[in-house]
Amino acid sequence: MTTGNDVTGWLLQRRPGTSTSLPDVLRPGRASARTTGDAIGTLDADLRYWQFRRLELPQVRQHIGAAIAAGAIAWIADAGTVPTALLALFALSWWRRWYLWIPALGGLLWTDWEIMWIPCIVVVALFFMRASASLREVLPKASMGVAPFAFVPLRDQVALRFAGRWSDFCTGVDKAVHDDTRRAEAFFGRLPADLPAASRAIVQVARATSEAKRGRLDEGLGLAAVGGENRELSDPVRGWCDLHLGDLLVMAGQHADAAAAYERALTRLRGRRCRPWLIIAETRAVDLAVREKRPGDAVVGLSRLRRLAVRHTDLPLIVRTEMHLARLMLDVGNVGGAQETLERLGSAHGRRGVAGAGQVEAAEHDLLRAELLMRNPAAPLSADEVADQVIELAGNALLGLRRLVRPAAETAAHLVLAEARARRGDRRDALAHALEALRTVQALRFQLPSTAWRERWLTLHATAFVTAIENAWECQEALCLAELIETLRAQPLPIPRDEPGTALASILDALLTETAGVILDDAEEPSPRGPIPAADPLEAPFPVVVGGRSWCLMSDEQPIDIDAELAGFGADTWYLSAAFVGPWFFRVAAHDGVWTVERAARPAMERDRLESLLDALPIRRPGEDKETFDERVDKSPLSSSARRQLGDDPEFALLRSIAEELLPAPLAGGLTAAPQGDSVLVVSLSGSLVSIPVAALPLPAAGSGSGAGKDVRIADVAAVAHVPSWAVVAHSRKARAEHAAPGAVDLALLGPDNTKEHLQRHNDIRLNLEPPPLARETVHGPLDRAALSELLRKVTEEDPACLYVAGHVETPRKDEPGSGGIKIAGGSLFGSRDLLQSAAGTARFPMPSRVILACCESLGQVTTRGEPDRGHVLHNEWLGIGAGMLMAGAQHVYCTLYPISDLDDVVRVNHALARALATTSNPLRALCEVQREELRRWRAGNRTRPLAWQPYVYVGTGHPVPPGREAC
């Protein structure tokens, strides 16, 4: 392994006009003008060598061959020594050295005119040799003298040739894995159904590549998983499959897994028959190392590639290695060397400079030059001239990339164009390019099979999102800003786990396991590299409509009209949304179709206010032990049961500081002026904002001005509903509406992971032991999935029904929000993946219309504290237990934002919520009434704790039971 400083120093010193030895840590040796085994040569020297080998040397060989042939003919014709020498001189100098062949021809006429027919034969032979050489340069040929599909097993070749389908096989695969994917299927359709195993795997992987390049990456990944399952294939075939699986993983942004796939391909593609694909695998590995800024690995690979390119006179590969060197030099700060390299490769205005460079190389060259101009402040041009050149270069690159499926490169080109347009003051054009970049990366990101994979696109997604937000703000387009922020809330729906969905998930699970390397080639046991990932595939993302219009339309799906969805919560409904975007904190408010967007500095909210709140909440810090955690929670102002004077109360001061930064002015003013109890506030927060107890926030007017001395909370004036995902809520509203309140808790599940006696013996939390009021049936654990399914089917036979669940919840991992769930028998987890399961149109775990989840963090949206995400977390995917409940048929769900404590206050709140949920016509306002009662107790000094009621939130449709249909 190499050390970064040595490689960086080598890259800083490199100039394309000067040959530079590889750093000692890589390969000791001497400097050389041309690339050799111990040095990367200059571009000019390597191009001169290429020109000599490809253009000059063949002609020299032709003339030498003609001279030998002419001498042999003269010897057979019994010519003398002088005429034979003159014939050889004529053949060696014909056409190129007139001052030699003309005297030689005259000497032949003088010495032996009877053999003048031999020069005529020489001229005709040289003409045909040159014509055939030119034809060989024009026509495509096998890479480095090897047929591209020579690695296919001989028995497969014989079978396909015998069936007359070998040419269809080769043409179809070639078109599928390159840039003519639309015609590939026509050739695949001619192949027999009973292909041999190796050919079948190759066709499957080729089809996967074709699907991915046509924008259907999710289908491509599924096909690749099926195609790579056969471990009995030969190493060359498996290596070829690994190579193209690596290409798919690069498209998916999974660079670590792609690097492992390329490494497997390099070890399996051995022998002369695999040489073309071995070179491609080496090239892909170097491309990835350069993209990931691993200069040591990249330079070692570039040295090998450059030697191969020079040895086999592969001009596009020479050009590509030089561009990689330019990129590495630019990354380490060698701007001069990178600029000189690019100037030697092409002109300054995006025209292809080096003959033989392919479309990919030309586009990357233009894009690299554009980035260099943007980053080079010493460019001897005015700002407008630089912007014009960047626009031309990036535009040319974008045109070249249109036919190629390279979403990351396309997104980068759009972002460069957006920055250049913004520098020229063309903010609307910049916004258009930023929206196109965001659309490209978002459409691809949500095709990926798991949250962990989708998270790896966050940096590029965040860059595109920040660029779009900044330009929309400069354009003063409030609706566009609101739509961009709400687009994150309208996350795609999880794919139901019916028969096709379950089959797809199992295939993708196999792909995730394979790419993660948890099962070695010759091992039967998984390696200890962490938990095996699981797939959470999503449907296509939904576009949103804000204020009756849309700027973005991120997909062709039916859009979600946010204003119409808000109207479903009631007539006087307010909306609050917020997000950290780059250095800014954006707040969105909406009421009656009027949208407002405000911007504030990010540190004021994130570091000064939000961190104080997160420290006061019972959310464990990374690496925090139980003793420290308990001590911190006990000292929290939200744990105190003694309320002080309003001006000196730490709980009030903490939450008021959050409210001052979180609530937009129109929202705060509107709620303050609204009649108490008539309004609804819909909240959509994510990331580190998830755990803010919005209902408990004081309105900013409280404690100052004319409202001094008053403690007015949002819960006093409005019922609060949480909407982590508009797509899930809109889906739930399509289900059958309730016709009456249940009137009782039909089923109470207490501690489904263990028996009641076990819980009592181990002093488990009282929530798992005490049944709620109005419970018709109480069931203690342990319950497995079969028993749980039977109970749920029984309770949902009557509509409406109410379910109460108290138990332990396993918090999902941040990179796999679908991994959490309620603990059941045997240590298993019952989560959203179970709730999505169905067969023959019937849910396996049907949910009643009303559910209360008296468990820790049962909303299922994990809080990020801000430090680990480096500002990239735009939105938590809501795939937890709360979302699963709504997807399985629930209409109204009470759940918790963060862990709840084992307190008498918590038991009282849970039972009050259970009674309210079972008997009320409006579950949203019923939660609000329980919150107000707890506030009254707190204000009266009845020793209740804020942590007892503040975690509880409502998620659901918000639809009340129609008037006249109350519970009996």
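Okay, let's start with Gln931: its relative accessibility is 5%, so we count this glutamine as buried. Keep in mind that we're looking at a predicted model. Gln931 is part of helix H37, which runs over residues 923-939. And who are its neighbours? Leaving out anything up to four places away in sequence, Gln931 touches Ala695, Ala715, Trp949 and Tyr952.

Now the other end of the numbering, helix H3, residues 81-93. How far apart should its ends be? With 13 residues at 1.5 Å a residue, you'd expect a span of 18 Å, and the end C-alpha atoms are indeed 18 Å apart, so the two agree. The buried positions in H3 are Pro83, Leu86, Leu87, Phe90, Ala91 and Ser93. If you wonder about spacing in a list like that, an α-helix has 3.6 residues a turn, so residues three or four places apart point the same way.

Next, cysteines. How many disulfides does the structure hold? Zero. Take Cys895: the nearest cysteine sulfur belongs to Cys855 and is 9.9 Å away, so with a cut-off of 2.5 Å there's no disulfide there. Cys895 has 0% relative accessibility, so that one is buried. Cys241, at 8%, counts as buried too.

On to the nonpolar cores. The largest has 154 residues, and the ones with the most contacts inside it are Leu484, Leu662, Leu681, Ile692 and Val694. There's also a second, separate core of 48 residues, with Cys170, Ala176, Ala206 and Val250 among them.

Last topic, rings. We get 13 aromatic pairs. One of them is Phe151 with Trp277, edge-to-face, 6.3 Å centre to centre with 80 degrees between the planes. What I like here is that this pair links distant parts of the chain: Phe151 sits in the loop between helices H5 (117-138) and H6 (154-162), while Trp277 is in helix H13 (residues 275-291), 126 residues apart. Both Phe151 and Trp277 are buried, and they belong to one aromatic cluster along with Phe149, Trp166, Phe169 and Trp240.

Then there's Phe580 with Phe585, a tilted pair: 5.0 Å between centres, 40 degrees between planes. Phe580 and Phe585 are buried as well.

And for the cation-over-ring fans, I've got two arginines. The charged end of Arg599 sits over the ring of Trp584, 3.7 Å from its centre. Arg733 has its charged end over the ring of Phe569, at 4.5 Å from the centre.

That's my tour, thanks!

Technical notes:
Residues numbered from 1 in each chain as written. Predicted model: local features only at pLDDT ≥ 70, side-chain atom pairs only at ≥ 80, totals over all residues. Heavy atoms only, no water. Helix = DSSP H or I, 4+ residues; strand = E, 2+ residues; numbered from the N terminus. Buried < 20%, exposed > 50% of the residue type's maximum accessible area, 1.4 Å probe, protein only. Contact = heavy atoms within 4.5 Å. Expected span 1.5 Å × (residues − 1). Core = buried A, V, L, I, M, F, W, Y, C linked by side-chain atoms within 4.5 Å. Phe/Tyr/Trp six-rings, centres within 6.5 Å; stacked < 30°, edge-to-face > 60°. Lys NZ or Arg CZ within 6 Å of the ring centre and 35° of its normal.
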